[in-house]
Structure formats: structure tokens, C-alpha cells
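Please look through the sequence and the model below before reading on. The report that follows moves from single residues to the chain as a whole.

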Amino acid sequence: MKVYKKLMNALAAVEKIVLVISTLLILVLTVGNVFSRKVIHRSWSFTEELVVAVFVLITLLAAALACREKGGLVSLTLVTDRLPKKLEKPSVILITVLSIVFSAILCYIIILHFCSGLLYN
């Protein structure tokens, strides 16, 4: 168990370093693009897509780090807190299943959209 905790702490440290580097990358790209556009009158064409991708990376890594700490992620319990105790667990299971189904459908649609773009290009 001690080895696992050490490994998880090391992984968290690496994630934090990646988060800092990613944030600095966004800062440099955005400031550099503004400078290039205003002073040199030429915009960097790749910055918008790269910044969006790095924002997604930051969001996912920050969520993963927040999951490690108790109460780190916000959960909306407005409905489940008002249910009787015997319905609380089934409602959590139902919400989890619906979330998994929604995520699977979303992934399927994204894969179809990506594959159709490959076929027609």
C-alpha cells in the first residue's frame, strides 16, 4: 500500500507540473499571437486550436487531481438529498448508469462524425 501511495503522489506531482507547463504554454501562445497580430500584422494560424486542446487537457488533469482529494469535485445533490434514505442509493445508481449511457452515445456520435470526415475527404 505504501508503494501505491508513493506512486500516486509521484503521478500527482507530474500532473501538477504538466498543468503549470500547460498554463504557461497558453499564456505564451496567446500573448505571442496578440503581439504578432498587433505589431507584425500577421496572426499565428495554429494558436486557437492548440489553446483549445490545451484547455481541454488542463480541465481533465485538474478534474483528475480534484478526484484524489475528498470533496474536490462538486456534485449536485439537490434532488438526491431530498429523497428518502431507501431511494438514495438506487437514484445514485440510476444517475451513474444514465451518465455512462450518455457518454457512450456521445463517443459513438463523435466517432461516426470523425469517420465520415475521413471517408469524404
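Val 18 has a relative accessible area of 31%, and because buried means under 20% and exposed means over 50%, Val 18 counts as partly exposed. This description, like everything that follows, refers to a predicted model rather than to an experimental one. Val 18 is found in helix 1, and, leaving aside residues up to four places away in sequence, Val 18 touches Leu 57 and Leu 61. One of these partners, Leu 57, lies 39 residues from Val 18 along the sequence, although the C-alpha atoms of the two residues are 9.3 Å apart in space.

Gly 32 also has its place in helix 1, which covers residues 2-40. Is Gly 32 buried or exposed? With a relative accessibility of 13%, Gly 32 counts as buried, because the cut-off for a buried residue is under 20%. Between Gly 32 and Ser 91 there are 59 positions along the chain, and the C-alpha atoms of these two residues are separated by 49 Å.

The aromatic rings can be considered next. The count of aromatic pairs comes to one, and this pair is formed by Trp 44 and Phe 46, whose rings are stacked, with 6.0 Å from centre to centre and 5° between the planes. The pair counts as stacked because planes under 30 degrees apart are classed in this way. Trp 44 is partly exposed at 33% relative accessibility, and Phe 46 is likewise partly exposed, with a relative accessible area of 44%.

The table gathers the accessibility values of the residues discussed above.

| Residue | Relative accessibility | Class |
|---|---|---|
| Val 18 | 31% | partly exposed |
| Gly 32 | 13% | buried |
| Trp 44 | 33% | partly exposed |
| Phe 46 | 44% | partly exposed |

Turning to the whole protein chain, there are three helices and zero strands, so that the pattern read along the sequence is α-α-α. The radius of gyration of the chain is 21 Å, whereas a compact globule of 121 residues would have a value near 14 Å. Along the principal axes, the C-alpha atoms fill a box of roughly 65 × 45 × 30 Å.

Of the 121 residues, 15% count as buried, and the accessible surface of the chain comes to about 10500 Å², of which 74% belongs to carbon and sulfur atoms. Among the contacts with a separation of 6 or more, 51% are made by residues 24 or more positions apart. The chain carries 13 positive and 6 negative side chains, and the centres of these two sets lie 7 Å apart.

Note on methods. Residues are numbered from 1 along each chain as its sequence is written. This is a predicted model: local features need pLDDT of at least 70, side-chain atom pairs count only at pLDDT 80 or more; totals for chains, interfaces and linings use all residues. Side-chain values use heavy atoms; hydrogens and water are left out. Helices (H or I, at least four residues) and strands (E, at least two) are DSSP runs, numbered from the N terminus. The radius of gyration is taken over C-alpha atoms; the globule rule is 2.2 Å times the number of residues to the power 0.38. Buried means under 20% relative accessible area, exposed over 50%, partly exposed in between (1.4 Å probe, protein chains only). Contact means heavy atoms within 4.5 Å. Accessible areas come from the Shrake-Rupley method with a 1.4 Å probe; for residues, only the protein chains shown count as cover. Lys and Arg count as positive and Asp and Glu as negative; His and the chain ends are not counted. The place of a charge is taken as NZ of Lys, CZ of Arg, CG of Asp or CD of Glu. Rings of Phe, Tyr and Trp (its six-membered ring) pair if their centres lie within 6.5 Å; planes under 30 degrees apart count as stacked, over 60 as edge-to-face and the rest as tilted.
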